[in-house]
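Subject: Structure handover

Hello,

I am passing this structure on to you, as you have not worked with it before. My notes on what was found in it follow below.

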Amino acid sequence: MYAKDTICINHPSEGVTSSFRCQQGVKQGCPLSPLLFGLYLDALEGRLDDRECDAPALVDMHVWLLLFANGLTLMSESEVGLQQQLDALQQFCVERGFIVNVNKTKVMVFNSVDPCQEFVFEGDIIKRVQTFKYLGILLETTSNLDSAMEHLITTSRRSLFTLNRRCAKLRIMNVKLHCDLFNTLVRSTANYACEVWVDSKKIKAIEVVYQRFLKSLLGVRKTTSTSIMLVEFGKYLFEHFAWGQTLLYYNRMSMVTKYHISGKAWEAQLAMLATGKKCWVGSMKKWLLKHQP
């Protein structure tokens with residue numbers, strides 16, 4: 001299926017190019033691509049495990065890398081350990097003919113502003129950054145999610161603007177269809193990873209985007225009572241929807257086997273809670289206690 005694979009590029013100004021042979025990578029959108037990529041990269045974990053990389057621990061499980069789709073994250077609690085991981089990855093890439101895009105590769109040092117050594121991959125220095133988008137969520141070295149929330153708010157507003165413009169162009173007047181499109185195109189963006197940030201005060205800003213959409217759809221003033229508007233639509237506050245998703249995730253996490261990495265993360269959260277440290281599980285338990293019937 002890859003022997004005579006050809007592709008073309010849709011250039012912004014020059015249009016679609018002529019077809020040419022593609023001899024690297026896997027097909028985008030092909031159901032088989034994730035499996036092929038996983039098989040190709042499967043031996044990397046064992047290669048890193050053989051080295052002293054000072055991996056962080058979740059209870060009694062050391063986690064030195066995370067793999068999801070085509071994303072690879074290396075983790076270490078020391079500068080020497082991280083460089084050893086990069087050296088091991090470089091050797092693995094040489095053996096497998098694997099190419100790492102160094103321009104898209106970044107280093108983050110969490111909860112520290114102290115200077116550290118420069119990290120090198122294939123002779124190139126990897127840039128150290130304060131923020132990085134991982135799996136769609138913007139992470140900060142301070143472990144603060146304020147930047148992630150600001151990004152979600154901005155993206156939600158842009159999505160709503162695009163939705164309204166498109167609906168106006170197509171003359172879509174059906175209210176139900178309009179709401180369905182909002183749920184699919186805007187709400188799905190606004191509540192992305194809400195399981196992590198739902199207790200943030202910035203959720204109110206996303207609530208404003210949601211309520212303005214409903215009020216504009218009704219053609220009423222911004223000062224119109226939110227309760228009356230929600231009753232008219234038969235809707236709930238956005239915050240209620242986000243908490244519903246978060247509670248489902250909380251229940252799933254509590255039932256994960258302790259031998260799984262998610263189970264170890266749950267155990268680590270419980271240990272933090274027992275020692276009085278601020279943690280996600282603690283925030284959830286406070287919310288449940290506050291809202292119990």
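Leaving aside its neighbours within four places in sequence, which residues is Gln83 in contact with? They are Gln117, Glu118, Phe119 and Val120. Please keep in mind that this is a predicted model. Gln83 sits in helix H3, which covers residues 79-96. Its relative accessible area is 14%, and the cut-off for buried is under 20%, so Gln83 counts as buried.

The sheet beside H3

H3 belongs with an open sheet of three strands, so the sheet comes next. Its strand order is E9-E11-E10, and the pairing is mixed. Strand E9 (106-107) and strand E10 (119-121) are at the edges with a single partner strand each, so each has one side without a neighbour in the sheet. E10 and strand E11 (residues 124-128) run antiparallel and are joined by three bridges. Within that pair, Phe121 stands opposite Asp124 in E11. H3 packs on this sheet and touches E9, E10 and E11. The direction of H3 makes about 5° with that of E10.

A hairpin

Strand E7 (residues 65-68) pairs with strand E8 (residues 71-74) in the antiparallel sense, over four bridges. Leu65 stands opposite Leu74 in E8. The two strands, E7 and E8, form a hairpin with two residues between them. In the turn, Ala69 has a positive phi of about 55°.

The nonpolar cores

In soluble globular proteins, nonpolar side chains tend to be buried together. Here the largest nonpolar core has 37 residues, and Trp197 and Phe238 have the most contacts inside it. The elements that each supply at least two residues of this core include strand E13 (137-140), helix H5 (175-190), helix H7 (203-218) and helix H9 (238-255). Helix H6 (194-197), helix H8 (226-233) and helix H11 (280-290) also supply at least two residues each. Helix H4 (146-170) is on that list too, and H4 gives the most to this core, with seven residues.

What does Trp197 touch, leaving aside its neighbours within four places in sequence? Among its contacts are Ile137, Leu145, Met149 and Leu152. Trp197 is also in contact with Ala190, Asn191, Tyr192, Ile203, Ile206 and Phe238. Another core, of 21 residues, lies apart from the one just described, and Leu65, Leu82, Phe119 and Ile126 are among its members.

Helices H10 and H11

The axes of helix H10 (residues 261-274) and H11 come within 8 Å and cross at roughly 70°. Angles of 65 to 115 degrees count as roughly perpendicular, and H10 and H11 are therefore roughly perpendicular to each other. On the H10 side, the contact is made by Trp266, Gln269, Leu270 and Leu273. Trp280, Val281, Gly282 and Lys285 make the contact on the H11 side. By class, this contact has five nonpolar, two polar and one charged residues.

Two loop residues

Asp54 is in the loop between helix H2 (44-49) and strand E5 (57-58). Although Asp54 is not a glycine, its phi is positive, at about 50°. Asp54 has a relative accessibility of 40% and counts as partly exposed. Ala193 is found in the loop between H5 and H6. The phi of Ala193 is near 60°, again a positive value in a residue other than glycine.

Regards

Conventions:
Residues are numbered from 1 along each chain as its sequence is written. This is a predicted model: local features need pLDDT of at least 70, side-chain atom pairs count only at pLDDT 80 or more; totals for chains, interfaces and linings use all residues. Side-chain values use heavy atoms; hydrogens and water are left out. A nonpolar core is a set of buried Ala, Val, Leu, Ile, Met, Phe, Trp, Tyr and Cys residues joined through side-chain atoms within 4.5 Å. Buried means under 20% relative accessible area, exposed over 50%, partly exposed in between (1.4 Å probe, protein chains only). Contact means heavy atoms within 4.5 Å. Axes are lines fitted to C-alpha atoms, for helices over the stretch in contact, and angles run from 0 to 180 degrees between N-to-C directions. Angles under 35 degrees count as roughly parallel, over 145 as roughly antiparallel, 65 to 115 as roughly perpendicular and the rest as oblique. Ala, Val, Leu, Ile, Met, Phe, Trp, Tyr, Cys and Pro count as nonpolar, Asp, Glu, Lys and Arg as charged, and the others, Gly among them, as polar. Two strands pair if DSSP finds at least two bridges between them.
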